[in-house]
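Subject: Structure handover

Hello,

Here is the structure I said I would pass on. My notes on what was found in it follow below.

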Amino acid sequence: MSDTTSLGASSAFKPQRLSATELHAKPSADYADKLATTQALLRRAAAEFQPIKQASSLGAEDVVITHLINALALDIPVFVLETGRLHAETLELLERTEAHSRAPIQVYRPQHEAVIEFVRHKGQNSIYDSIALRKECCGIRKMEPLARALAGQKAWITGLRREQSNARAEVPLIDESEVASKGLTKFNPLADWSWGDVWHYIAQNQVDYNPLHDQFFPSIGCVPCTRAISLGEEFRAGRWWWEDESAKECGLHVRAS
């Protein structure tokens, strides 16, 4: 047997890495009911809470919601916060989403001068030095663009799920905690979905998703703030992994008390 033939034969027995859909697409027993509830909630949000937008990080939950918005032909634009430090895979998915989405895709970027001032005086990777500096970076790259994205809106839609973390364990389908302070209602249409439900929808509907999910990135943010997780780690263990668990939010989804 030639060396080439031997190599080909041995490589055929190499284990193949399963995709995220193959690993996770396991719907709950009541998946059909959850999907119907989500669809009804999105229809209600579009009909009764204009103007409204979907906030998308282009993660698995958010591509499901965008797909539903398009499938239901709802009048809900989608916005993405392009922080300047997103993974190449995320940016490529953003381009594909812009190219194929029926719903308009709006991209918000941080104020360039604010980013440069932070890098000049604090350092590009000073986020690892303290929680305060990391949150300052999040403020510049996420919170300020978010404020612009939501200006004049009556409501917004997110991909928050109760299963994602202890801090999100009581996420409601409709969050009215910021109505008094900001005039904003937040819809979380996947709040009671499991990770298996999310991937079942993606597999069933052949939804385009970030290939980083196939590399064990369940939650995907900026490059310096995101890593793959290992078997047995919590869902959001790869986000700001150097910080205490209680600090692991950037401010986008901190509920008003």
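Two strands are taken as paired if DSSP finds at least two bridges between them. With that in mind, Q54 in the strand pairing described below stands opposite I157 in β4. Please note that this is a predicted model.

Overall make-up

The protein has 9 helices and 6 strands. Of its 257 residues, 49% are buried. Among contacts with a separation of 6 or more, 71% are between residues 24 or more positions apart.

The strands

Strand β1 covers residues 52-56, and 5 of its 5 residues are buried, so the strand is largely enclosed by the rest of the structure. I52, Q54 and S56 point one way from β1, while K53 and A55 point the other way, and all of them are buried.

What does β1 pair with? One partner is strand β4, residues 155-157, which pairs with β1 in the parallel sense over 3 bridges. This is where Q54 and I157 stand opposite each other. Another partner is strand β2, residues 78-81, again in the parallel sense and over 3 bridges. Here S56 stands opposite V80, and A55 has F79 as its bridge partner. Between these two strands comes helix α4 (residues 60-71), and β1, α4 and β2 make a right-handed β-α-β unit.

β2 is covered on both faces: V78 and V80 on one side, and F79 and L81 on the other, are all buried. β2 is also joined by 4 bridges to strand β3 (residues 105-108), and these two strands run parallel. V80, which stands opposite S56 of β1, has V107 as its bridge partner in β3. From β2 the chain crosses through helix α5 (residues 88-100) to β3, and this β-α-β crossover is right-handed as well.

The cysteine site

Which residues does UniProt list for "binding site"? The record, an unreviewed entry, gives C137, C138, C222 and C225. These span 89 residues in sequence, yet no two of their C-alpha atoms are more than 11.0 Å apart, so they gather at one spot. The lining of the second largest cavity includes C137, C138, C222 and C225.

C137 is placed in helix α7, which runs over residues 131-150, and C138 is found in α7 too. Are C137 and C138 buried or exposed? The cut-off for buried is under 20% relative accessible area. C137 has 10% relative accessibility and therefore counts as buried. C138, at 7%, counts as buried for that reason too. Leaving aside neighbours within four places in sequence, C137 is in contact with F118 and I127.

T83

T83 lies in the loop between β2 and α5, on the path of the crossover from β2 to β3. With a relative accessible area of 2%, T83 is buried. The T83 side chain reaches the backbone nitrogen of R85 at 3.1 Å. What does T83 touch beyond its neighbours within four places in sequence? The contacts are P110, R141, K142 and C222. C222 is one of the residues that UniProt lists for "binding site", so T83 can be looked at together with the cysteines.

Helix α9

Helix α9 covers residues 195-205 and is mostly covered, with 8 of its 11 residues buried. The buried ones are W195, G196, D197, V198, W199, H200, Y201 and I202. They pack against α2 (20-24), α3 (31-48) and α4. α4 is also the helix of the β-α-β unit made with β1 and β2. Just after α9, Q206 takes a positive phi of about 50 degrees.

Where to look

For a first pass, I suggest opening β1 with its partners β4 and β2. The cysteines of the UniProt record can come next, followed by T83 and its contact with C222. Helix α9 and the helices it packs against can be viewed last.

Regards

Methods
Residues are numbered from 1 along each chain as its sequence is written. This is a predicted model: local features need pLDDT of at least 70, side-chain atom pairs count only at pLDDT 80 or more; totals for chains, interfaces and linings use all residues. Side-chain values use heavy atoms; hydrogens and water are left out. UniProt positions are given in the numbering used here, feature names are shortened, and annotations may be inferred rather than shown by experiment. On a 1 Å grid over the protein atoms alone, a cavity is a set of points where a 1.4 Å probe fits but cannot get out, and a pocket is an open set with protein on both sides within 12 Å along at least five of seven lines; lining residues have an atom within 4 Å of a point. Buried means under 20% relative accessible area, exposed over 50%, partly exposed in between (1.4 Å probe, protein chains only). Contact means heavy atoms within 4.5 Å. A crossover is right-handed if, with the strands pointing away from the viewer, the path from the first strand over the helix to the second runs clockwise. A polar contact is a pair of N or O atoms within 3.5 Å; within protein, one must be able to donate a hydrogen and the other to accept it, and residues adjacent in sequence count only if both atoms are side-chain atoms.
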